[in-house]
Amino acid sequence: MSNWVEGKVIENKHWTELLYSLRIEAEIEPFIAGQYGRLGLQIDDQIVGRPYSFVNAPHESLLEFYSITVSEGPLSPRLAELRVGDSIYIDKRPNGFFTLNEVPDGRDMWMLATGTALGPFLSILKSKEVWQRFENIVLVHAVRFAKELTYQDTIASIESEFKQHFKMIPFVSREDTDFALPGRIPAAIQNGSLEERVNLQISPESSQVMMCGNPDMLTDTRNALVEKGLKKNLRRSPGQITTESYW
Ligand SMILES: Cc1cc2nc3c(=O)[nH]c(=O)nc-3n(C[C@H](O)[C@H](O)[C@H](O)COP(=O)(O)OP(=O)(O)OC[C@H]3O[C@@H](n4cnc5c(N)ncnc54)[C@H](O)[C@@H]3O)c2cc1C
Ligand SMILES: NC(=O)c1ccc[n+]([C@@H]2O[C@H](COP(=O)([O-])OP(=O)(O)OC[C@H]3O[C@@H](n4cnc5c(N)ncnc54)[C@H](OP(=O)(O)O)[C@@H]3O)[C@@H](O)[C@H]2O)c1
């Protein structure tokens, strides 16, 4: 059951033809970094709602969501068209378990994102807890094209604040670059190029992995991590792999 409240669009920033970020003013209940809110619009005679991870940290008052237009989708193309001052529905109650309180301790935190799933990691990185609990944090953002490596300013300010504790590794799969790793995350785990780039080993003793986005990436990456001895993190049986699928 959704408990819709009405919010107001404060900004709709378009990064590329398909990628955009909405900033919204709305009175909702507090959330934990990594959780999602449900956004909705009135379409014909009903409210169509979808989950979107918070990009803002819980202490930041404007709510922020990062989305891609899926051309055949009912909601995302309409969200893309929202203008400053428009109304939008948002569920009063945030939700989700992709949060640090579900993740056991470890030395290194690996955050693996495809596309817009960068969002929840930015919320977590803008909060204090992750820096208090992990010595090394690696943020991996995998996109098709280099122009989709968004939020560079936010990432640069995290880099400058946390220097040797933080590394951001981009993957660009559909064009050549001289800075990003080519191809896909699971292959780079299997052939060692990701660990080599960061100069850290992935192991069950030292690593916790949070990953989010494309469900096929989650499956293939989980398989690559299982080969290294890591296992799925469940409440009844803690492990090292915590996931959230976007579809
Ligand atoms: C827990 C959760 C959190 C989510 N958080 C976000 C978020 O922060 N940002 C975001 O962009 N989406 C997020 N999504 C997906 C989002 O809820 C919508 O599905 C998406 O915006 C498309 O909505 P739609 O109604 O246009 O099409 P839908 O009918 O919902 O989706 C149609 C198809 O689009 C593709 N698709 C859906 N989402 C994505 C995506 N993010 N990237 C690439 N392809 C996609 C899939 O193939 C899907 O079957 C999340 C989903 C879940 C379950
Ligand atoms: N991004 C675009 O230019 C574009 C263009 C038209 C439409 N769209 C729409 O946007 C959606 C896709 O959005 P997106 O590009 O953000 O997400 P995406 O398709 O999930 O791609 C993001 C990254 O995830 C990688 N990936 C895909 N499957 C993987 C797997 N099994 N294992 C590891 N990595 C994997 C992709 O690599 P690969 O490149 O190797 O797949 C890419 O680097 C489509 O559903 C479509 O509706 C996007």
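Which element gives the most to the shell around ligand 2? In this predicted model, the answer is helix H7, with three residues. The shell as a whole is made up of 21 residues, and the closest of them are Gly115, Ser173, Asn214, Asp216 and Met217. H7 (215-227) isn't alone in giving two or more residues, since strand E8 (136-143) and helix H5 (185-190) do so too. Sorted by class, the residues around ligand 2 come out as ten nonpolar, six charged and five polar. As for where ligand 2 sits, domain 1 (4-91) and domain 2 (100-245) both give residues to its shell, so the ligand lies between them.

Now for ligand 1. This one has 21 residues around it, and Arg50, Gly73, Leu75, Ser76 and Thr116 come nearest. Here, too, the two domains take part: domain 1 (4-91) and domain 2 (100-245) each provide at least three residues of the shell. Strand E4 (46-53) and strand E5 each chip in with at least two residues. The class make-up of the shell around ligand 1 is eleven nonpolar, eight polar and two charged residues.

Strand E5, already met beside ligand 1, covers residues 63-68 and is mostly tucked away, with five of its six residues buried. E5 also has a partner: strand E2 (residues 19-25) runs antiparallel to it, and six bridges join the two. To pick out one pairing, Ile24 has Leu63 of E5 as its bridge partner. As a bit of background, side chains in a regular strand alternate between the two faces of the sheet.

Helix H2 is another covered element. It spans residues 118-125, and eight of its eight residues are buried. Going along H2, the buried residues are Leu118, Gly119, Pro120, Phe121, Leu122, Ser123, Ile124 and Leu125.

Is Arg174 buried or exposed? A residue counts as exposed if 12 or fewer other C-beta atoms lie within 10 Å of its own. Arg174 has 11 within that distance, so it is exposed. It belongs to the loop that links strand E9 (166-172) and strand E10 (181-182). Setting aside neighbours within four places in sequence, Arg174 is in contact with Arg144 and Phe145. Asn3, by contrast, is 41 Å from Arg174 in space, C-alpha to C-alpha, and 171 residues from it in sequence.

Technical notes:
Residues are numbered from 1 along each chain as its sequence is written. Chains are lettered from A and ligands numbered from 1 in the order in which they are written. This is a predicted model: local features need pLDDT of at least 70, side-chain atom pairs count only at pLDDT 80 or more; totals for chains, interfaces and linings use all residues. A residue is near a molecule or strand if its C-beta atom, placed from the backbone, lies within 6 Å of it. Helices (H or I, at least four residues) and strands (E, at least two) are DSSP runs, numbered from the N terminus. Ala, Val, Leu, Ile, Met, Phe, Trp, Tyr, Cys and Pro count as nonpolar, Asp, Glu, Lys and Arg as charged, and the others, Gly among them, as polar. Domain bounds come from an automatic or database domain assignment. A residue is buried if 20 or more other C-beta atoms lie within 10 Å of its own, exposed if 12 or fewer, and partly exposed in between; C-beta atoms are placed from the backbone. Two strands pair if DSSP finds at least two bridges between them. Two residues are in contact if their C-beta atoms, placed from the backbone, lie within 7 Å.
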